[in-house]
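Biologist: I have a model open and would like to learn how to read it. Could you walk me through a few features?

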Amino acid sequence: MLDLLLQALGDTFSPMSKVFIMLFFTGFLLELDAFSRISRLAGPLVSVSHLPAVSASSFVVSLGSALAANTMIAKLKEEGHLSERQAFLSAIMNSVPVYFRELFTYQLAFVIPVLGIFVGGAYALISVATGLIKLTLVMILGRTYLDADAAPNTRISASCSAGTGPDEASLAKSSASSSYVRRERYWNAARNSLQSQKRIFLRIASLYFIMTFLVLYLSQEGILQSLDVAPLARLFSIPPETIIPLTIYVASPKAGITLLSPLIQNGGITEIKAIMVLMLGSLFMLPFYALRSLLPNYTGVFGLRMGLSLVFVSTSISLLVRMSVLVALLIAT
């Protein structure tokens, strides 16, 4: 048990260090009203979705780190600047850029060269389609449930926080001491950011540690590894020789893809069957990934209730896309 606690603590330290830095950094930028400038890049997207302008800022941040973007959304929700629906849809939207980032860092760099243009390309398109479906869902739900008039005009600026730095008019008038005023403004922004982030960081870190420990414990007890893919493989008429790469794919997609590649190249399995194997493997792999990665991230940032809802919705969309492709291929063959 002590070993598990130490491992959970070690697994928590690295991501939570990044969370602390990003919480401070986003709070600092909010104090300086910097996000009002970069939010224009994603403005049309959130406008169509009836989301507030700050959701555009978090979407831009999520291009680099979804975790950083979500901590920003969680802070604004906690301070009352975002409703629960706005925060929920913003968090779903923040999960979209990773699909397009992985198109270059994973699909084009690894999957397509290993599996070939047809199988690898189909795998990549299915992944990108999942992201587009999530984005479409955000637009539909946003237009259905969010206020069309108020949401796009919501603006989060330094004035939303108590004790913000000097006002802009006084800064303009102080041209003689502009350097001093600038340093004072940055110092006040940093101090206010640090002060306002402490409580949310402690909540995120504690929940992340608890959920990480829980997942490690379930893994050690063999509960997460007890999945048997053989019955489903037979149900979907998957060739017996693919059982090993299919099983390994659940634990490590890269390893499973690597083992599947020779079967495709030597004609041991058709390309259609290979896609079916990948989709079936995803049906097992995605819940495992959700427990191991998404659950600590979302519950740590948004709390247990909203975090579980986000994990359920995000994973369900991914599973439904894979299941739809699998069933369509099964019918076609």
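Modeller: Gladly! Let's begin with one residue: Ala-74 sits in helix α5, which covers residues 66–78. Keep in mind that this is a predicted model.

Biologist: Is Ala-74 buried or exposed?

Modeller: The cut-off for buried is under 20% relative accessible area. Ala-74 has a value of 4%, so it is buried.

Biologist: Which residues is Ala-74 in contact with, leaving aside its neighbours within four places in sequence?

Modeller: Its partners of that kind are Ile-200, Val-301 and Phe-302. Take Val-301: it is 227 residues from Ala-74 along the chain, yet their C-alpha atoms are separated by 6.4 Å.

Biologist: And for the protein as a whole, what share of contacts with a separation of 6 or more comes from residues 24 or more positions apart?

Modeller: That share is 77%. As further background, 48% of the 333 residues count as buried, and the secondary structure consists of 15 helices and zero strands.

Biologist: Then let's talk helices. Why do the buried residues of α12 line one face of the helix?

Modeller: First the general idea: an α-helix has 3.6 residues a turn, so residues three or four places apart point the same way. Now the case here: in α12, residues 243–251, the buried residues are Pro-245, Leu-246, Tyr-249 and Val-250. Looking down the axis of α12, they fall within an arc of 145 degrees, so they line one face. Ile-244 and Ala-251, on the other side of α12, are exposed.

Biologist: How do I read the packing of α12 with α13?

Modeller: Start with the angle and the axis separation. For α12 and α13 (residues 253–265), the angle is about 160 degrees and the axes are 6 Å apart. Angles over 145 degrees count as roughly antiparallel, so that is how these two helices, α12 and α13, are described. Pro-245, Ile-248, Tyr-249 and Ala-251 of α12 take part in the contact, and on α13 the participants include Leu-259, Leu-260 and Leu-263. By class, this contact of α12 with α13 has ten nonpolar, one polar and no charged residues.

Biologist: What about α6 and α15?

Modeller: Helix α6 (residues 84–94) packs with helix α15 (residues 304–332) at about 40 degrees, with the axes 11 Å apart. The pair α6 and α15 is therefore oblique, and the crossing is right-handed. Among the residues in contact are Glu-84 and Phe-88 of α6 and Arg-305 and Leu-310 of α15. Counted by class, the contact of α6 with α15 has seven nonpolar, one polar and two charged residues.

Definitions and conventions. Residues numbered from 1 in each chain as written. Predicted model: local features only at pLDDT ≥ 70, side-chain atom pairs only at ≥ 80, totals over all residues. Heavy atoms only, no water. Buried < 20%, exposed > 50% of the residue type's maximum accessible area, 1.4 Å probe, protein only. Helix = DSSP H or I, 4+ residues; strand = E, 2+ residues; numbered from the N terminus. Arc of directions from axis to C-beta. Contact = heavy atoms within 4.5 Å. Axes fitted to C-alpha atoms, helices over the stretch in contact; angles between N-to-C directions. Parallel < 35°, antiparallel > 145°, perpendicular 65-115°, else oblique. Left-handed = near helix turned anticlockwise from the far one by under 90°. Nonpolar A, V, L, I, M, F, W, Y, C, P; charged D, E, K, R; others polar.
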